[in-house]
Amino acid sequence: MVMLEVKKLSKCFIDLEVLRDVNISIKKGEVVVVIGPSGSGKSTLLRCINLLEQPTGGEILYMGQNIMQLGKKVTDYRKHVGMVFQRFNLFPLKTSLENVMYAPVKLNKLQPKDAKDQAMELLCKVGLESKANVYPLALSGGQQQRVAIARALAMQPDIMLFDEPTSALDPELVGDVLEVMKQLAKEGMTMMVVTHEMGFAKDVADRVIFMDGGYVIEEDTPSEIFTRPKNDRTRAFLARVL
Ligand code: ADP
Ligand code: MG
């Protein structure tokens, strides 16, 4: 079942064309990793998918529905899409538990008691049950990012978008965050992950998409793209990062 379909998507910032004719299709349960040089449009693509940016042209279909034509229902759509950013931006004056409980209560998805139980479960899942009552400042970057993942999961999304979730972390903290993401993938979460962690892409991705200059240049299984890239630009990029 196709969950998300991006068709001929384009995005311009005034006269700068950042996405051009992007076509991507993601099935339920698939993990798609997006790689590419800085400035190639990866973040803009994710931001268009959850409508943090308004696309200039093309279509984004979620379960067959064009999300640009949802009108007020766009809030409902966003509840199905979880997003984790490079910078964790947790609420600094709320504990881990309060951070994870906040959205489901605020948006009337769960009663406070249920939201709290769920938040504890999610903190367990990301290995931070012992940090439930701790404030973000007292957590390492990796722990903050894991709380941010739990917070996104609290809305029970159908798809999770990750934008370089480990890029701002000290190297020794990257592994724990990737482990949580691996576990999510194993459980069948549909995921779109922008990352420079090629090991993660090799181990976890069903498909890897290489972007450059706003185009999807190449798309294939990790084993194909990492061992036999077909495009010169993919080859050159991989030679730099592998
Ligand atoms: P990536 O995530 O692959 O590094 P981005 O999607 O962040 O790339 O950016 C792609 C291009 O779009 C870059 O040239 C960037 O400067 C430009 N860009 C991104 N956001 C904006 C914005 N809000 N206004 C103008 N230009 C932007
Ligand atoms: Mg980016």
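How far does a backbone N or O atom of S40 lie from an oxygen atom of ligand 1? Select S40 and ligand 1 together and you'll find 3.2 Å between that backbone atom and the ligand oxygen. Keep in mind as you click around that this is a predicted model.

**Stop 1: the polar contacts**

Keep ligand 1 on screen and add K42. An N or O atom in the K42 side chain sits 2.7 Å from an oxygen atom of ligand 1. Now add S43, where a polar side-chain atom is 2.8 Å from a ligand 1 oxygen. While you're here, try a surface view: on its own ligand 1 would expose 560 Å², and the protein buries 60% of that.

**Stop 2: the whole shell**

Widen the selection to everything around ligand 1. You should pick up F13, L16 and V18, and then the run P37, S38, G39, S40, G41, K42, S43 and T44. Colour the shell by residue class and you get four nonpolar residues, six polar ones and one charged one.

Which elements supply at least two residues each of this shell? Select β2 (16–27) and α1 (42–49) to see them. Of these, α1 gives the largest share of the shell, with three residues.

**Stop 3: α5 and α6**

Leave the ligand and switch to a cartoon view. Select helix α5 (residues 141–153) along with helix α6 (residues 171–186). Their axes come within 8 Å and cross at roughly 20°. Angles under 35 degrees count as roughly parallel, so α5 and α6 are roughly parallel to each other. Turn the view to look through the pair, and you'll see that α5 passes α6 in a right-handed crossing.

**Stop 4: α3 with two partners**

Next, select helix α3 (residues 96–106) and bring in helix α4 (residues 112–125). These two axes also come within 8 Å, with a crossing angle of roughly 130°. That makes α3 and α4 oblique to each other. The handedness of the α3 and α4 crossing is right-handed.

Now hide α4, keep α3 and show α5 again. How do α3 and α5 lie, roughly parallel or roughly antiparallel? The α3 and α5 axes come within 8 Å and cross at roughly 25°, which makes α3 roughly parallel to α5. Here, too, the crossing of α3 and α5 is right-handed.

**Last look**

To finish, show ligand 1 once more with K42 and S43, and check the two side-chain contacts again: 2.7 Å for K42 and 2.8 Å for S43.

Note on methods:
Residues numbered from 1 in each chain as written. Chains lettered and ligands numbered in written order. Predicted model: local features only at pLDDT ≥ 70, side-chain atom pairs only at ≥ 80, totals over all residues. Heavy atoms only, no water. Near = heavy atom within 4 Å. Polar contact = N/O pair within 3.5 Å; in protein donor to acceptor, adjacent residues only side chain to side chain. Areas by Shrake-Rupley, 256 points an atom, 1.4 Å probe, with all protein chains shown as cover. Helix = DSSP H or I, 4+ residues; strand = E, 2+ residues; numbered from the N terminus. Nonpolar A, V, L, I, M, F, W, Y, C, P; charged D, E, K, R; others polar. Axes fitted to C-alpha atoms, helices over the stretch in contact; angles between N-to-C directions. Parallel < 35°, antiparallel > 145°, perpendicular 65-115°, else oblique. Left-handed = near helix turned anticlockwise from the far one by under 90°.
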